[in-house]
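Student: Please pick a single part of this model and take me through it slowly, then tell me how it sits in the rest. I would like the cut-offs spelled out as you go.

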Amino acid sequence: MTAPGRTRPDRRLLLSGLLLGVGAMGAIDEIVFHQLLHWHHFYDRAGGDAALVSDGLLHAFTWSATVAGLALLADVRRRSAFASRTWWGAVLTGAGAFQTFDGVVDHKVLRVHQVRYGVDLLGYDVAWIGAGVVLLAAGLLLLARSRTPTADR
Amino acid sequence: MTGVVLAVLALLALLYVLAAVDVRWSPLRTASWLAGLAVAAAGLTGPLAAAHGDLRAHLAAHLLAGMVAPVLLVLAAPVTLLLRRLPVHRARAVSRLLRSAPAQVLGDPFVAVTLNVGGLWVLHGSGLLGTVAHSPGWHLLVSVHVLLTGWLATAAVLTVDPAPHRRGVVARAVALGAGMAGHDVLAKWLYAHPPAGVTNAEAGARLLYDGGTVVHVVVAALLWRQWYRSRAAVRAAVHTTQPAGV
């Protein structure tokens with residue numbers, strides 16, 4: 001049960017925001033970094049087979065998350081349980097968590113691919129992971145503020 | 001060989017149309033069945049199937065016969081139509097078959113998706129493709145196998161027809177996502193390691209990747225639409241039996 005004076009966020013509302021945040025990040029990666037900037041490629045010889053597996057997994061995961069997130073959002077709206085601050089908080093949290101994970105685990109720990117090739121990476125890595133952390137912090141802050149009874153709707 | 005395939009497909013079209021005549025049956029389902037068979041015919045017998053050393057043509061045929069056709073055939077709900085048209089004792093035998101242990105195993109979305117994507121990996125990863133590509137008989141056999149396992153996987157995920165052991169939407173969505181991941185990785189792997197003796201390998205791999213994404217997203221959308229609709233029914237039932245909302 002929830003503590004008095006605090007509203008319990010709808011579980012599907014939260015999940016929908018998180019999934020669509022992940023999906024949005026995947027779409028931004030494909031549109032901005034693959035199609036517009038051409039920093040990322042369909043296949044990077046530098047990455048080898050590990051990059052291939054991780055790219056394929058992330059592509060399937062972000063698309064699946066997008067479709068599932070939209071269905072959950074439709075259900076939330078049908079029940080009139082939509083609360084915009086909670087939902088945007090969850091979207092930013094999902095996007096930030098995904099971006100941070102990609103920057104830290106894929107780029108630095110597993111080293112499957114990099115933000116850009118042929119340049120000094122430090123600035124790019126700081127910007128990439130920094131953007132993820134900022135998004136994540138903003139999302140968590142919004143979620144925390146949305147839990148006060150007067151904040152939403 | 002082509003004649004036999006076309007004759008079988010034409011027979012399937014005829015049987016379905018005859019079965020749908022006297023029962024109240026959505027014309028959309030009939031259209032879906034006929035379109036599915038037409039797409040299967042294009043993938044199994046058309047110029048795409050004849051262009052053996054061309055990986056792009058091979059994978060275009062695979063997309064049609066192994067992915068697009070199964071979705072259309074599943075949406076046509078052929079087993080539901082069969083159960084309606086059969087005499088009661090025969091229909092009972094069919095539903096006993098659907099409830100049997102082998103059907104339960106094969107109809108599990110994780111098993112069905114693994115059979116489908118695993119088969120593709122064996123075909124493309126083992127050099128078998130080179131052998132198959134130059135023998136029309138083997139090529140047809142493999143294409144039919146791709147159609148049937150694609151159909152099984154799509155049916156297990158979407159469960160349009162009666163499915164006594166149907167898994168929840170999350171399990172089916174995860175199975176579909178896992179299949180999509182396996183498919184994506186295979187497409188990229190083919191791009192990076194094109195099989196010996198084929199042309200247009202890179203274009204083919206891109207086609208498999210992009211086309212696979214479109215079909216998988218459509219199947220995911222159909223699956224979640226089904227969930228969205230079923231939630232309305234669940235909620236209506238809950239409201240009539242319980243005073244407080246859940």
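**Helix packing in chain B**

Tutor: Let's begin with helix 2 (residues 27–45) of chain B and helix 10 (residues 136–158) of chain B, whose axes come within 10 Å and cross at roughly 150°. Helix 2 of chain B is therefore roughly antiparallel to helix 10 of chain B (angles over 145 degrees count as roughly antiparallel, under 35 as roughly parallel, 65 to 115 as roughly perpendicular and the rest as oblique). Axes here are lines fitted to C-alpha atoms, for helices over the stretch in contact, with angles from 0 to 180 degrees between N-to-C directions. Helices are DSSP runs of H or I, at least four residues, strands are E runs of at least two, and both are numbered from the N terminus.

Everything here comes from a predicted model, in which local features need pLDDT of at least 70 and side-chain atom pairs count only at pLDDT 80 or more, while totals for chains, interfaces and linings use all residues. Residues are numbered from 1 along each chain as its sequence is written, and chains are lettered from A and ligands numbered from 1 in the order in which they are written.

Back to our pair: the crossing of helix 2 of chain B past helix 10 of chain B is right-handed (the near helix is turned clockwise from the far one by less than a right angle; anticlockwise would be left-handed). Helix 2 of chain B brings B:A40, B:G43 and B:L44 to the contact, and helix 10 of chain B brings B:L140, B:S143, B:V144 and B:L147 (contact means C-beta atoms, placed from the backbone, within 7 Å). Sorted by class, this contact has five nonpolar and two polar residues, and no charged ones (Ala, Val, Leu, Ile, Met, Phe, Trp, Tyr, Cys and Pro are nonpolar, Asp, Glu, Lys and Arg charged, and the others, Gly among them, polar).

Helix 10 of chain B has another partner in helix 8 (residues 109–125) of chain B: the two axes come within 8 Å and cross at roughly 155°. Helix 8 and helix 10 of chain B are therefore roughly antiparallel as well, but their crossing is left-handed. On the helix 8 side of chain B the contact uses B:P109, B:A112, B:V113, B:L115, B:N116, B:G119 and B:L123, and on the helix 10 side it uses B:V142, B:H145, B:T149, B:G150, B:L152, B:A153, B:A156 and B:V157. Ten of these residues are nonpolar and five polar, with no charged residue.

Now follow helix 8 of chain B to helix 11 (residues 169–192) of chain B, where the axes come within 9 Å and cross at roughly 5°. That angle makes helix 8 of chain B roughly parallel to helix 11 of chain B. From helix 8 of chain B come B:P109, B:F110, B:V113, B:N116, B:V117, B:L120, B:W121 and B:H124, and from helix 11 of chain B come B:A171, B:R172, B:A175, B:A178, B:G179, B:G182, B:H183, B:L186 and B:L190. The classes are eleven nonpolar, five polar and one charged. B:P109, B:V113 and B:N116 of helix 8 of chain B appear in both of its contacts described here.

How far does the predictor trust this chain? Chain B averages a pLDDT of 90, and 96% of the residues score at least 70 (pLDDT is the predictor's confidence in each residue, from 0 to 100). Helix 2 of chain B, where we started, has the highest confidence in the chain at 96, whereas helix 9 (residues 128–133) of chain B has the lowest, at a mean of 71.

Stepping out to the partner chain, 17 residues of chain A are in contact with 19 residues of chain B. The chain A side of that interface holds twelve nonpolar, three polar and two charged residues. The model as a whole scores ipTM 0.86 and pTM 0.88.

Chain A has four helices and zero strands. Of contacts in chain A between residues at least 6 apart in sequence, 85% join residues at least 24 apart. A local example is A:D106, in helix 3 (residues 84–109) of chain A, which touches A:S54, A:V112 and A:H113 when residues up to four places away in sequence are left out. Chain A averages a pLDDT of 84, with 90% of the residues at 70 or higher. Take care with residues 1–5 of chain A, where pLDDT stays under 50.

Methods:
Two residues are in contact if their C-beta atoms, placed from the backbone, lie within 7 Å.
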